[in-house]
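How does one get from a computed value to a descriptive word? Please look at the structure below with that in mind.

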Amino acid sequence: MSAQNTSMSSLASQICNQIASIFSNPTTPHAPPLDLMVAELATTASQNGRVFLYGVGREGLMLKALCMRLAHLGLSAHFVFDMTTPPISSAADLLVASAGPGGFSTVDAICSVARSHGGRVLLLTAQPESGSCVKNATTVAYLPAQTMADDGGEQSRPLMPMGSVYEGSMFVLFEMVIYKLGEVLGQTPDAVRSRHTNLE
């Protein structure tokens, strides 16, 4: 292995280990986010409800990736503001939103609208006690990772700046959610693959 590949492998390992360490952090008194998400999504599927997802910036990109995989599992999944997003209208419907630092004005507003129309709101956040978005959540999934809210003050250049640890943790969490939810819903690899777009 070349020195360049060794260096790249080492850096990749450091980043992956930093993200993996987040899932060893306690979430008490909140239940583990994996359990909460699988339970809420399975309930939505069993009630033929719809799943809506929303986040801003890189958090939004992670949620778009989750939205795609939920559709592959056969759920009616929609990213807020897409032109074909239907209305949220009942307790069978679930909004999955993220506000890593605790609150964003748009996330606050979307969560409030979802609740006012009878929908459930699962909020992902690293600030479950102080964030402004928590007030509109029916379920809070605590992901104990660094965000922009507590970034700064480092004496040296961080391996993962600003909200990267939280965002990377979202991606890993969502992969675990899809794996576990697929088991719960009895989805085979062939069934999942059959729902992938052919317009590429």
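The questions below concern helix packing and burial in this predicted model.

Q: Why is helix α2 called oblique to helix α5?
A: The axes of α2 (residues 33-46) and α5 (residues 164-185) cross at roughly 45 degrees, coming within 9 Å. Angles under 35 degrees count as roughly parallel and 65 to 115 as roughly perpendicular. The crossing of roughly 45 degrees fits neither class, so α2 is oblique to α5. The handedness of this crossing is right-handed.

Q: Which residues of α2 and α5 meet?
A: From α2 come P33, L34, M37, V38, L41, A42 and A45, and they meet L173, F174, M176, V177, K180, L181, V184 and L185 of α5. This contact has 14 nonpolar residues, no polar ones and 1 charged. Lys counts as charged, and K180 is among the α5 residues in the contact.

Q: How do you know that the end-to-end distance of helix α4 agrees with its number of residues?
A: With 12 residues (105-116) at 1.5 Å a residue, α4 should span 16 Å. The C-alpha atoms at its ends are 17 Å apart, so the two values agree. After α4 comes G118, with a positive phi near 90 degrees.

Q: What covers the buried residues of α4?
A: The buried residues are V107, D108, I110, C111 and A114. Their cover includes β1 (50-54), β3 (94-98) and β4 (120-125).

Q: What makes S169 buried rather than exposed?
A: Buried means under 20% relative accessible area. S169 has 0%, so S169 is buried. This residue lies in α5 and, leaving out residues up to four places away in sequence, touches I19, I22, F23, L143 and A145.

Methods:
Residues are numbered from 1 along each chain as its sequence is written. This is a predicted model: local features need pLDDT of at least 70, side-chain atom pairs count only at pLDDT 80 or more; totals for chains, interfaces and linings use all residues. Side-chain values use heavy atoms; hydrogens and water are left out. Axes are lines fitted to C-alpha atoms, for helices over the stretch in contact, and angles run from 0 to 180 degrees between N-to-C directions. Helices (H or I, at least four residues) and strands (E, at least two) are DSSP runs, numbered from the N terminus. Angles under 35 degrees count as roughly parallel, over 145 as roughly antiparallel, 65 to 115 as roughly perpendicular and the rest as oblique. A crossing is left-handed if the near helix is turned anticlockwise from the far one by less than a right angle, and right-handed if clockwise. Contact means heavy atoms within 4.5 Å. The expected span of a helix is 1.5 Å times one less than its number of residues. Buried means under 20% relative accessible area, exposed over 50%, partly exposed in between (1.4 Å probe, protein chains only).
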